[in-house]
Amino acid sequence: MAVKSIAPYEFEQKDTVDKFPAPLLYIGWEDHKMFCAPFCAPMPPTMKFGELVKGALPGMYGAHPDFARIDWAKAEWFMSGKPFTPDMDKTLAEHGIGHKSVIRFRTPGLTGLSGSCF
Amino acid sequence: MSNVFIAFQKNEDSRAIVNAIVADNPTAIVSDQPAMVKIDVPGRMVIRKSTIEGEIGREFDLQEMHVHLITLSGNIDETDDEFSLTWNQ
Amino acid sequence: MDMKVNKKLGLKERYNLMTRDLAWTPTYQAVKDVFPYTEYEGIKIHDWDKFEDPFRMTMDSYWKYQAEKERKLYAIIDAFTQNNGHLGVTDARYINTLKLFLTGVSPLEYMAHRGFAHVGRQYPGAGPRVACLMQSLDEIRHAQTQIHSLSNYNKHYNGFQNWRHQHDRVWYLSVPKSFFDDAVSAGPFEFIVAIGFAFEYVLTNLLFVPFISGAAYNGDMGAMAFGFSAQSDESRHMTLGLEVIKFILEQDPDNLPIVQAWLDKWFWRGYRVLTLVAMMMDYMLPKRVMSWKEAWEIYAEQNGTALFNDLARYGIKVPKGWEQACKDKDHLSHQAWNVFYNYGAAAPFHTWAPSEKDMEWLSAKYPDTFDKYYRPVWEHYAKEQAEGRRFYNGTLPMLCQVCQVPMFFTEPDDPTKIAYRESEYKGMKYHCCSDCCKHIFDNEPEKYAQSWLPVHQIYQGNCFPADVDPSKPDFNPLAEVLRWYKITQGQDNMDFADSPDKKNFEAWRAQATSN
Amino acid sequence: MQIDLRTVSITPLRQTYNHIAERLGADKPASRYIEGTMDVQANANFHYRPTWDPQHELFDPRRTRIVMQDWYALKDPRQLYYGTYTQARARMQETAEADFEFVESRGLAERFDDAARRTALDFYVPLRHVAWGANMNGAYQCAYGYGTAITQPCLYAGMDQLGIAQYLTRLGLLLGNQGDLEAGKHAWLNAPAWQGLRRLVEDTWVLKDWFELFVAQNVVQDGVLFGLAYKEVDQAISEKAGPTVSMLTRFQAEWFQDASKWVDAVIKAAASESADNQALLSQWYGQWRARVQEALAPVAQLALGEQGAQALERAVAAVDARMVKAGLTLSA
C-alpha cells in the first residue's frame, strides 16, 4: 500500500545520514528498564566496539547498580534482534553497524532491581 | 445486552432530567461520580420531553439538554418529543 | 394564502429546509472543481442525502445554548480566579496535569477547529458539511476556554507560559502534535474516521470524563467547568462521528476495507496518545477517581464492545490493536510515568516518585503487576533521591517513527521485554514500538519518513537557539536545547520536591490559615 | 478547617503567557480576545505534508499572494473570540426571535400587502442560497487562511451566513409557505435574473487564493448585496407596506454593520502593509466589483424595477467609499 494523495507525494527522507554529525546508533540494555527506552546517539563509524563499551556505555548506564557488576565477557549482543559476537578491536562499520542500526545487549544473571527487569 | 449511557453535570436541571429518565426507563442504573451523574440502561434509553416538563414544571425543549450533557453512547434518534439512545444488536 | 400549512413542520423537516435545502449542485463550475478532495481516497458516496443528521440544531439555537454555556463557564472561571481557587486544589502536584493539558491537548482542539473547517468546506453533502462546521466552531471554543481557564494558573505557576512554543518543539509533545498533523494531512474521509469516530467516539471519554471528574475530585472547579462544558459539545461530535461512519459504510460495500484499515490505524494512533492520560490518572492526580485500568474497562472495553457489536452488521471488526491495548492496561501508566521520571529535566512540568501511600493505592488497583514489576524501581528512586542522587536520564531516547513515543512499550505477552520492530524504506532503517505502529509505517512510508522526530532534530542541530556556537569548548548541547525549548532550568522542570511551585503553593496556603 | 482563600494576597509570577507578553511588549494582563487569538495557530515543525495539497504545509502563508510580516496584524476590532461571539449573536437572535414572534402573533404576515409580499418572497427567498454560498467561502478562508486573527472571524462570518440563510428560510415560511421556498430555489436555479449571481457564487467556490476570496465575498459581494437587500430594498418595501419585512431582516441589517467594521479593518491592515498588497487588493477589488455589479443588476431590477439601477449604484458607491477609506485605489 502507499499513501493516497491528490498529487505526487514524494519528499526527502527527514533523517538521512548526511544530516547528522555521525550515523545514529540505537542501543538497549535488556532487562534494565530503569532506563525507560533504548538510547539514540550519533556514533562515528570508525569508533572501535571496545570504545563504545568502555567509553560510551558507562555514561549512559552507569547510574544502575547492576552496571558495575557486568561481566562483559559474558554479555550477549544482538543486532536488529539477531545475535552477534562483537570484536572489541574492530570498528562499528566493520561490524556492519550503520546509520540507525539498533543493537542490544543482555547481561546474564543481571535482571534489574529486585529482579524486576528495571 | 450492552448498555447505552448518558452523563450530565450535576445541577438543578439535570436532577429533573435524571428523575425523568429513571421514571421512563425502569432498568436504568444511576451512578454518582464527582460532579457528574451517569445513567446506564441496557439496550435502549428514552428521554421524554413530557416527563421532564412534569418534573421541572415548565416547558422544556429537548435541545436544552445540551447545556448539561457530558457524554453519551449509542445511536441517537431525536424528535420534538423524544430523544433516544439505542444499540442495534 | 393559507398560512396555517406551515405551522407544524416537524423537527426533521424543518431542519432539512434550514440546511440541506439551501444547497444545490453547481452547474457553472464542475462539481469536482468545487469539491476537489472527495475522490482520491477511494471512498464511494452515491447519495449524500442519505446522511442522517445527528443533532438537528439551527444556528439560532446554537448561539442561544452555546452563549448560555459560555456565560456559565466564564462566571465559574471568574469566581474561581477571584477566590484564589487554585489554592484549594488538593496539592500542587495536581497542577502539573493542567500543564500537560495546555501544552498537549489544547493545541489539538485548535487543530480540530481548522480540520473540521477544512472538511466542512470539502464534503459535497450539505448535512455533514453543516455538522462539521458546527464542530469546527465548538473546537475553537475548547481551545480558547482552556487557554482562558488556565490563564490564572499561568500567573501563579510555572510551565504554562510557553505552551504554544513548546507544543511545536518539545520531545513528548510531538506525540499529540504528530497525531493531529497526521489526521489533518490525510484525506477528508480519513480525517473524519480518525477524529470524528476513532478519537471522539472511541477514545475521548477516556480523556475527558475521568480526567475532568478527577479535576473536580481534586478541588479544581475551573478545570472541571471547562472540561465538562467542552464535553457537552463532545456528545454532538461523537454522534457526528458515529453517523458519518455508518453513512460511509452504507454507501458502498467497497468502502468497508478502507474504513476498517483506517479504524485499525486510528484506534492505535489515538490509543498511543492516551498513554499520557494513563499516567496522568494513576500518577499525577493526588486524589484519584478511578485507575486507568478501571477507566479502560468502563469506557473502552464495555462501551467499545457495545459499539463494535453494533457496527458488526456492516462487517466492521474490532480494531487490530484492541487486544493488545486491553492487555496493556495493567502496565501502561507505570511504564509511561517512568519515562517522564527519567527525562524530568527536559519537560516543562514536574515529576516525582509515588509516595508510600500512592504505592498502596497502585498496589490495590494493580494487584497482579504493581508490586511485582513496578514497585522496586520507585523504591529505588526514592532511596536514591533521599541520598541526594535523584535519577535523571542524560541520554536521549530512541523514538518510534510513527507514534513518536520513546520506545518503552513492552511485548504484549512479556512486560519485561521492550518491543522493537524494524522496517526498511528507500535504503534506510525505520523503527517502531509495536506491530501496529510498524503496520502503519509500512502502509504509508512516504508519510512517516517525513516525521519531525525531536531526538533526531536535536542531533541534526536544529534545536539550539540562534545565538549558540556549537564549536565553542563550553558548548552544552542539552542546556542549549532546554533554552530553545524555553524551559527555565530549576523552575519549570526537575523534581516536584524542589520546585518553586511547591514552595509557593505552601507559602500561599499558609497565608490563608494564619496572619 | 475552613480556609478562607480570598484573604490571601499573592503577587503573581507573571501576568500572561510569554508569547502574549512579547507581543504586548511587556508582561501585563491581556484581554481574553488576545490570549485566545494571538499565535494560537501552529506555525512550525509540521510533521507531514497534506495529501490534499502536497505543495504546501498544513498551514502555509503561501496559499495567498498577499504577504504579511505578521499575520496577527489582521486583528478583529470587535475582539470576537468564541465567548463574545456567541453572546453577541445570542443577543441578536433574541431580538430576531422576538421580531418573528411579534409578526406571527399579531398576524402581521397575514395582513401584509400582497404585492409587497410577492416582492419580498421573490427577492429574499433566493438569497438563502447566496448565504449558503457565503457559508462555504467562510469555511474555505478559515481552513486555508493563515493565523487565528483572520481565520477565526472568517469562520464566524461563514456561520453567520448560515444563520442568515436560516432566517431567510423562516421569512419565506412566515410570509409564504414551503411552496415559496421551492419556487425561490427554482428561480435561483433557472430564472435568468438570478443566473448571473449564481454563476458568481459558483465562481467564488473555485477561487484558490483565500484572500482574494475574502475580497470577492466579504468585501464586494456582501458589501454590495447587503447594502442593496437590507437598505435599499428593505426601505422600498417599508415605504409601501410597513416595517414587517424590516423586522424579519433586522438580524441581517445589524450583522452587516458589525461585519463591515471587521472587513474594513482587515483591508486597511493588509493594504497598509505594503505597496504590493495595496495594488493587489485594489486590483482584486476592481475585478470583483465589476462582476458583482453586473450580477446584481437584474436582481436589483427584480426587486425595485426601474429604481433598481440607481439603488445598486448607491450600494456600490457605499462600498467604494469604505474601501477608499481603507486605503484601496479605485480603478477608473
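Me: Buried means under 20% relative accessible area. With that cut-off, why is Asp168(C) called buried?

Reply: This is a predicted model, and in it Asp168(C) has a relative accessibility of 2%. That is under 20%, so Asp168(C) counts as buried.

Me: What makes Asp168(C) and Arg164(C) a salt bridge?

Reply: Their side chains come to 3.1 Å, N to O. A salt bridge needs a Lys or Arg side-chain nitrogen within 4 Å of an Asp or Glu carboxyl oxygen, so this pair qualifies. Arg164(C) has a relative accessible area of 7%, so this partner is buried too.

Me: What about Arg49(D) and Glu57(D): why do they get their accessibility labels?

Reply: Arg49(D) is at 19%, which is under 20%, so the label is buried. Glu57(D) is at 25%, and the range from there up to the 50% line for exposed is called partly exposed, so that is the label here. The closest N and O atoms of Arg49(D) and Glu57(D) are 3.5 Å apart, which is within 4 Å, so the pair is a salt bridge.

Me: How do you know that Glu254(D) and Arg250(D) form a salt bridge, and where do they lie?

Reply: Their closest N and O atoms are 3.6 Å apart, and the limit is 4 Å, so the pair passes. Both sit in helix α11 (residues 250-273) of chain D, four residues apart, or about one turn of the helix. Glu254(D) has 33% relative accessible area and Arg250(D) has 36%, so each is partly exposed.

Me: How many salt bridges are there over all chains?

Reply: The count comes to 84. Some join into a network, one that links Lys69(C), Glu70(C), Asp138(C), Arg141(C), Asp233(C) and Arg236(C).

Me: Why is the pair Trp71(D) and Trp210(D) called tilted?

Reply: First, the ring centres are 5.6 Å apart, and the limit is 6.5 Å, so the two rings count as a pair. Then the planes meet at 50 degrees; stacked needs under 30 and edge-to-face over 60, so tilted is what remains. Across all chains there are 91 aromatic pairs by this rule.

Me: What makes that pair a tie between parts of chain D?

Reply: Trp71(D) is in the loop between α2 and α3, and Trp210(D) is in helix α9 (residues 210-241), so the pair ties together parts 139 residues apart in sequence. Trp71(D), at 5% relative accessibility, and Trp210(D), at 1%, are both buried.

Me: What makes Lys100(A) a charge over the ring of Tyr430(C)?

Reply: Lys100(A) lies over the face of Tyr430(C), at 4.0 Å from the ring centre. The distance limit is 6 Å, so 4.0 Å meets it. Lys287(C) lies over the face of Tyr217(C) in a similar way, at 4.6 Å.

Me: How do you know that chains B and D do not touch?

Reply: Contact means heavy atoms within 4.5 Å, and the nearest C-alpha atoms of chain B and chain D are 14 Å apart. Chain A and chain B do not touch either, their nearest C-alpha atoms being 31 Å apart.

Me: Which chains share the most contacts, and how many residues take part?

Reply: Of the four pairs of chains in contact, it is chains C and D. There, 99 residues of chain D meet 107 residues of chain C. The buried area is about 9100 Å², 60% of it from carbon and sulfur atoms. His47(D), Tyr48(D) and Tyr82(D) supply 10% of what chain D buries there, more than any other three residues.

Me: What makes Asp60(C) and Arg170(D) a salt bridge between those chains?

Reply: Their closest N and O atoms are 2.9 Å apart, which is within 4 Å, so the rule is met. Chains D and C have five salt bridges between them.

Me: Why is Met136(D) called buried, and what does it touch?

Reply: Its relative accessible area is 1%, which is under 20%, so Met136(D) is buried. Met136(D) sits in helix α5 (residues 127-144) of chain D. Leaving aside neighbours within four places in sequence, the contacts of Met136(D) are Val34(C), Phe35(C), Arg121(C), Arg129(C) and Trp205(D).

Definitions and conventions. Residues numbered from 1 in each chain as written. Chains lettered and ligands numbered in written order. Predicted model: local features only at pLDDT ≥ 70, side-chain atom pairs only at ≥ 80, totals over all residues. Heavy atoms only, no water. Phe/Tyr/Trp six-rings, centres within 6.5 Å; stacked < 30°, edge-to-face > 60°. Helix = DSSP H or I, 4+ residues; strand = E, 2+ residues; numbered from the N terminus. Buried < 20%, exposed > 50% of the residue type's maximum accessible area, 1.4 Å probe, protein only. Lys NZ or Arg CZ within 6 Å of the ring centre and 35° of its normal. Buried area = accessible area lost by both parts, 1.4 Å probe.
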